[in-house]
Amino acid sequence: MSVAAATAAVLLLASASPATAAASAAGDVQQAMEELARTPGVVGVIGGAYVDGKAAGQGTAGSRLLNGKGGTIPADSRFYIGSQTKAMVATVLLQLVQKGKLGLDDKLAGLLPEVAADGLVERADEITVRQLVQHTSGIPDWWSRSGSTEPAFDVFDFTTYYRPIDIVKTTRGLPRTGEPGEKFAYSNTNYTLIGMIIEKVTGSTLADQMDQRLFRPLGMTRTYALTKPPQGIKGPHGHGYYPDSTGTLRDMHRANASWGFGAGNVVSTTHDVSTFQRAFDQGRLLPPSLRKVLAGGSAGGNGSRSARQGTESCEEDLNMQGGSGLGYTTLILYSTDGRRQFEISVTRSTTDDAIIPAMVKAGQAVLCPTG
């Protein structure tokens, strides 16, 4: 689904908090989830810890529906992963670069002439594939308008299908965030365009490419990419909520799938997200030079900056990456050696970003039980 750029920005700040990992064991996941569920605005929460590819603890707390209804969320249920999608989409793109289907310095205008036509994307003849991946293209974000954190589209339109180019068109005439390659400026539009490039280069759908290159090879059997409304989450799952103009909380569990194309359209589980992260960190998906394109600098290809902070109480550093949307937030904490991952999914009834530091604290409690 769609990704809240404003919340992602806060997630960058949260990532700067110290986060470290214990040598091998994980802390009490259920206890950490119960603590997290007490945060105001949290509806339900699930978490799963994995060490060397094996489950090291699962937990669930809160409720599946608003006001304590529906029982707890099944700990192995699916959820929207938001901007965590971006690392997966970028990996597919970079695999195509590795195979020589396109180059990092190829220009957007050459790959997608339709977005260069009539100045739809300004400076498209200068913007490179590398800049799209690393959020340095200067292309404005379709999520919100400058100076506002509110979505710039009708979040309660659950049925209209918007083509990717229709999403890009919503940014026409908006001020650029900088010169091509000048600086990092988070923009979901970059990844909408990357999704379009993948489809143009391969002649197949983004969803098929992700399934073919990532989900099936890695055994991510419960993961899939949404394409059009009214697609949603299969099976019992947590429901997130977002207030309408009257302040009434609306159920967002089947929000419009088309907005997330490339930027946040994957549904997954704690197990499958951890499986992808482990494979990426262990170098099984990309060679070092291309992994560096995604993870290097401040690009934060999956929607949050990678942070490596340490304390003397733990032997290794952790990275944190996450995603957020309307009614949900996800976060993964993981060791850089690929051995340990802890994925958290929260459904919520507020836009209050205080939930994110609470998620970081829960992750630290699990992966730094002595910290």
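A polar contact is a pair of N or O atoms within 3.5 Å, and within protein one of the two must be able to donate a hydrogen while the other must be able to accept it. The structure shown above is a predicted model, and one such contact in it involves Thr 269: a polar atom of the side chain of Thr 269 lies 3.0 Å from the backbone nitrogen of Asp 272.

**Thr 269 and its surroundings**

Thr 269 belongs to the loop that runs between strand 8 and helix 10 (270–281). Is Thr 269 buried or exposed? With a relative accessible area of 4%, which is under the 20% that sets the limit for burial, Thr 269 is buried. When neighbours within four places in sequence are left aside, the residues in contact with Thr 269 are Asp 76, Ser 77, Arg 78, Phe 79, Arg 222 and Thr 223.

**A sheet of three strands**

Strand 8, which comes before this loop, is part of an open sheet of three strands, where the order is 4-8-5 and the pairing is antiparallel. Strand 4 (79–80) and strand 5 (224–225) are the edges of the sheet, and because each has a single partner strand, one side of each has no neighbour in the sheet. Strands of a sheet pair through backbone hydrogen bonds, in either a parallel or an antiparallel way. Between strand 5 and strand 8 (residues 266–268) the antiparallel pairing extends over two bridges, and Val 266 in strand 8 is the bridge partner of Ala 225. Tyr 224, a residue of strand 5, has Lys 234 over the face of its ring, at 4.5 Å from the ring centre.

**Strand 11 and its partners**

Another part of the model is built around strand 11 (residues 340–348), where nine of the nine residues are buried, so that this strand is largely enclosed by the rest of the structure. In a regular strand, side chains alternate between the two faces of the sheet. Both faces of strand 11 are covered, since Arg 340, Phe 342, Ile 344, Val 346 and Arg 348 are buried on one side, and Gln 341, Glu 343, Ser 345 and Thr 347 are buried on the other.

Which strands pair with strand 11? Strand 2 (residues 42–51) does so in the antiparallel sense over nine bridges, with Tyr 50 and Gln 341 as bridge partners. Strand 10 (residues 328–335) is also antiparallel to strand 11, here over seven bridges, and Thr 329 has Val 346 as its bridge partner. Strand 10 and strand 11 form a hairpin with four residues between them, and Gly 338 in the turn has a positive phi of about 80°.

**Aromatic rings**

Across the whole structure, 10 aromatic pairs are found, including the two in this table.

| Pair | Arrangement | Centre to centre | Angle between planes |
|---|---|---|---|
| Trp 142 and Trp 143 | tilted | 6.1 Å | 45° |
| Phe 156 and Phe 158 | edge-to-face | 6.4 Å | 85° |

Trp 142 is buried, with a relative accessible area of 1%, and Trp 143 is buried too, with a value of 2%. Phe 158, in contrast, is partly exposed, with a relative accessible area of 22%. Trp 142 and Trp 143 also belong to a cluster, in which ring pairs link them with Phe 153, Tyr 162 and Trp 259. As for Phe 156, the face of its ring has Arg 250 over it, at 4.4 Å from the ring centre.

Conventions
Residues numbered from 1 in each chain as written. Predicted model: local features only at pLDDT ≥ 70, side-chain atom pairs only at ≥ 80, totals over all residues. Heavy atoms only, no water. Pairing = 2+ DSSP bridges. Buried < 20%, exposed > 50% of the residue type's maximum accessible area, 1.4 Å probe, protein only. Phe/Tyr/Trp six-rings, centres within 6.5 Å; stacked < 30°, edge-to-face > 60°. Lys NZ or Arg CZ within 6 Å of the ring centre and 35° of its normal. Contact = heavy atoms within 4.5 Å.
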